[in-house]
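This report moves from one surface feature to the interior and then to a sheet. The sequence and the structure are shown first.

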Amino acid sequence: MKTFWKAAFAIAKKDILLELRSKEIISSVLLFAVLTLVIFHFAFTADHETMTQIAPGMLWVAFSFSGILSLNRAFIPEKEDNCMEGLLSCPVGREAIYMGKCLGSFIFMLIVEAVVIPVCAMLFNVDVFNPMIIFITLLATIGFVSVGIIFSALSVNTRAREMVLPILFLPIIVPIIICAVSSSSAILAGGTFEDIKQFLLIIVAFDVIFFTVPLMIFKYVVEE
Amino acid sequence: MSHVIECQKISKRFGGNQVLKDFDLTVDAGESVAILGPNGTGKSTLIRILASVMRQSEGKVLINGSEMKDEAFALRSQIGLLSHTGYLYTSLSAEENLKFYAEMYSLKDPEKRIAELLEKVGLRTRRFDRVATFSRGMSQRLGLARALLHSPKILLLDEPETGLDQEGLDLLWSIIKTDDPDRTVVFTSHNFKSTVQACSRLIILKKGKIVYDAPKGDLTEDGLQALYHDVTGGKS
Amino acid sequence: MRTKIALALGGVLMVVALVMVFIVVPTEATMGNIQRIFYFHVPVAWNAFFSFGVTFGFSIAYLKTRNPKYDFIAESSARIGIVFTTLILLTGMIWAKPIWGVWWTWDARLTSSFVMWLVYIAYFIVRSFITEEERRYRFGSIIGILGFLSVPIVAISIQLAPTTHPKAMIFNDGLHGTMLATLLISIFAMFVVYFLFVFLQYDNCKDAYEIAQLKKKLLKESE
């Protein structure tokens with residue numbers, strides 16, 4: 001157990017260090033996410049009330065698209081110089097590798113969200129920078145990333161990998177998007193925890209299923 | 001007394017492609033086994049199965065008498081692997097690469113071992129430089145340092161000479177020999193000269209089967225070349 | 001042989017089912033004749049779910065054993081599943097137009113069938129992107145497993161929104177005796193048709209695989 005977490009943290013730390021070196025992905029992903037919001041503004045110029053209704057949806061479109069962009073890159077460092085094989089030869093479980101990659105991408109998504117949510121709140125003058133919405137977003141990001149990582153590991157080994165990830169990833173995360181958007185909208189409309197409990201339960205169920213199962217089958221993705 | 005490496009009837013299929021079939025091999029402590037053979041004959045597959053980065057379709061791999069399948073964790077820490085790539089992150093420095101792998105291997109005193117190895121592979125002065133700036137020989141030496149980091153009892157090398165000149169390759173072998181002369185080494189190669197220098201036992205594969213297996217004896221480079229062409233039917 | 005049995009049995013059952021649907025069963029009072037599509041829509045829906053379940057099961061079996069035959073079954077079943085899902089969507093739309101007045105609404109069941117359809121279309125597209133056989137089987141199995149798990153959770157999450165889809169009536173005996181009999185016969189007929197298609201498709205996969213093997217062997221020998 002101790003080696004599991006040690007290896008997972010080492011991998012996550014390594015991924016963050018790699019990103020800090022180039023800062024290529026984070027800067028382009030952030031720019032892309034903000035651009036999505038800008039495009040939304042031109043696509044739907046609406047009054048404040050309508051904006052409040054569609055703001056959670058905008059957020060999750062921005063998260064999904066920028067998430068795909070960054071998840072597509074998640075396994076590129078392991079592909080270069082065949083590092084994945086080096087990781088596989090280490091005395092750690094494949095589960096730890098999956099966990100480590102998830103942690104790295106989770107932190108990455110948190111950074112994106114930490115920028116996009118306040119920017120959205122400012123640009124559209126809606127109260128999305130709100131503790132309940134942040135909580136919902138955090139909870140939903142767990143399932144979002146854990147599905148994304150296994151498909152990212154898979155797509156990096158196919159032809160046309162940039163296309164493979166979104167067509168697999170988007171339909172599967174539909175429940176996350178539905179629940180996160182519906183519950184955030186309910187909060188913006190003045191709802192309480194009671195009103196969104198059901199949505200949160202589904203998000204938790206999704207997180208549990210789509211973290212455990214990929215954790216179990218990740219070895220079949222990376223090991224021939 | 002159990003063998004260091006023992007393969008019992010291992011087979012490997014990729015879809016409908018049978019690469020290895022009922023393959024048996026035993027390697028004893030301190031041996032340095034060279035595996036030669038034409039391309040696509042299962043050399044790399046064998047090394048990968050021994051390193052447990054790939055799973056055999058059938059059969060057993062035993063390391064020091066314990067079965068790989070049951071104790072992959074413990075056994076992997078006794079094995080070092082270097083392939084034609086060094087498994088290095090090119091945006092990280094030499095030292096950062098080794099530090100990362102030291103964490104993966106849960107090394108006790110990583111700083112000391114890393115410093116010692118960087119000295120040995122002649123990269124101490126370049127330790128803060130990114131691997132991307134390294135020459136082929138340097139990154140292959142760093143890859144070797146990575147493979148030796150946890151002082152494995154078994155070293156597996158898959159065509160380590162790829163992209164190296166003879167001088168670079170000689171340097172690689174001298175590092176392997178000086179780090180621990182008693183280490184068991186299994187390597188694949190296309191280079192007759194360094195094979196003759198490095199191995200104590202010679203195996204030639206053809207279509208996933210052992211067609212020649214004998215101690216090296218006093219075989220010379222030319223002798224090996226003649227033998228190889230004779231056994232494999234001229235193709236290399 | 002099994003193909004011929006399935007063909008004969010499926011043929012007879014289909015004729016019986018058609019007779020039941022169009023002649024025997026009484027016309028439903030409120031919806032009229034269009035309701036008869038229900039005897040097609042429901043069996044197809046059940047069998048679509050069943051086919052993806054088979055894909056799920058054989059995907060696990062493939063990963064455990066690495067026997068290509070299991071992947072052939074998984075793939076064949078998913079292929080039929082897509083045909084069935086397409087039929088669910090089409091028959092649903094044909095029914096919805098006169099009853100609801102629109103071809104499509106983002107209703108819970110419609111949407112979840114649609115998402116299921118998208119998942120398995122992706123399953124085949126991704127498979128076609130992988131040239132190496134072993135990897136295609138392996139990755140296909142992984143998508144077959146994760147895709148199937150997503151189906152119920154999509155359905156539940158959309159269910160939270162109010163739905164206009166008719167509730168399943170079989171279990172709360174809202175269904176007339178002949179209607180229930182007709183439905184059950186239709187389901188069984190469709191079930192046999194499913195097996196017929198899977199057998200055909202499986203033989204197809206296996207033949208293609210064997211031809212590829214022979215080609216490889218010939219190429220090796222001619223070297």
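In this predicted model, a nonpolar patch on the surface is formed by Val15(C), Leu18(C), Val19(C), Phe22(C), Ile23(C) and Val24(C), which together have about 590 Å² of accessible area. One of these residues, Ile23(C), has its place in helix α1 of chain C, which covers residues 2-24. Is Ile23(C) buried or exposed? Ile23(C) counts as exposed because its relative accessible area is 67%, and the cut-off for that class is over 50%. In soluble globular proteins, by contrast, nonpolar side chains tend to be buried together.

The chain that carries this patch has six helices and zero strands, and along its sequence the pattern reads α-α-α-α-α-α. Some overall values for chain C are collected in the table below.

| Property of chain C | Value |
|---|---|
| Box filled by the C-alpha atoms, along the principal axes | roughly 75 × 40 × 25 Å |
| Share of the 223 residues that count as buried | 47% |
| Share of contacts with a separation of 6 or more that join residues 24 or more positions apart | 80% |
| Exposed area | about 11,000 Å² |
| Share of the exposed area supplied by carbon and sulfur atoms | 72% |

Turning to the interior, which residues touch the most other members of the largest nonpolar core? That core has 209 residues, and the ones in question are Val128(A), Phe151(A) and Leu154(A). Helix α6 of chain A, spanning residues 94-124, gives the most to this core, with 15 residues. Apart from it lies another core, made of eight residues, including Val25(C), Phe38(C), Val42(C) and Ile187(C).

For Val128(A), once its neighbours within four places in sequence are left aside, the residues in contact are Ala55(A), Leu59(A), Ile117(A), Cys120(A), Ala121(A), Ile133(A) and Leu188(A).

Chain B contributes an open sheet of four strands, which follow one another in the order β2-β1-β4-β5 with antiparallel pairing. At its edges are β2 (17-27) and β5 (66-67) of chain B, each of which pairs on one side only. Within the sheet, strand β1 of chain B, residues 5-14, and strand β4 of chain B, residues 58-63, are paired in the antiparallel sense over five bridges. Which residue of β4(B) stands opposite Ile5(B)? The residue found opposite Ile5(B) is Ile63(B).

Definitions and conventions
Residues numbered from 1 in each chain as written. Chains lettered and ligands numbered in written order. Predicted model: local features only at pLDDT ≥ 70, side-chain atom pairs only at ≥ 80, totals over all residues. Heavy atoms only, no water. Patch = residues over 30% accessible without salt bridge, like charges linked within 9 Å, V, L, I, M, F, W, Y side chains within 5 Å. Areas by Shrake-Rupley, 256 points an atom, 1.4 Å probe, with all protein chains shown as cover. Salt bridge = Lys/Arg side-chain N within 4 Å of Asp/Glu carboxyl O. Helix = DSSP H or I, 4+ residues; strand = E, 2+ residues; numbered from the N terminus. Buried < 20%, exposed > 50% of the residue type's maximum accessible area, 1.4 Å probe, protein only. Core = buried A, V, L, I, M, F, W, Y, C linked by side-chain atoms within 4.5 Å. Contact = heavy atoms within 4.5 Å. Pairing = 2+ DSSP bridges.
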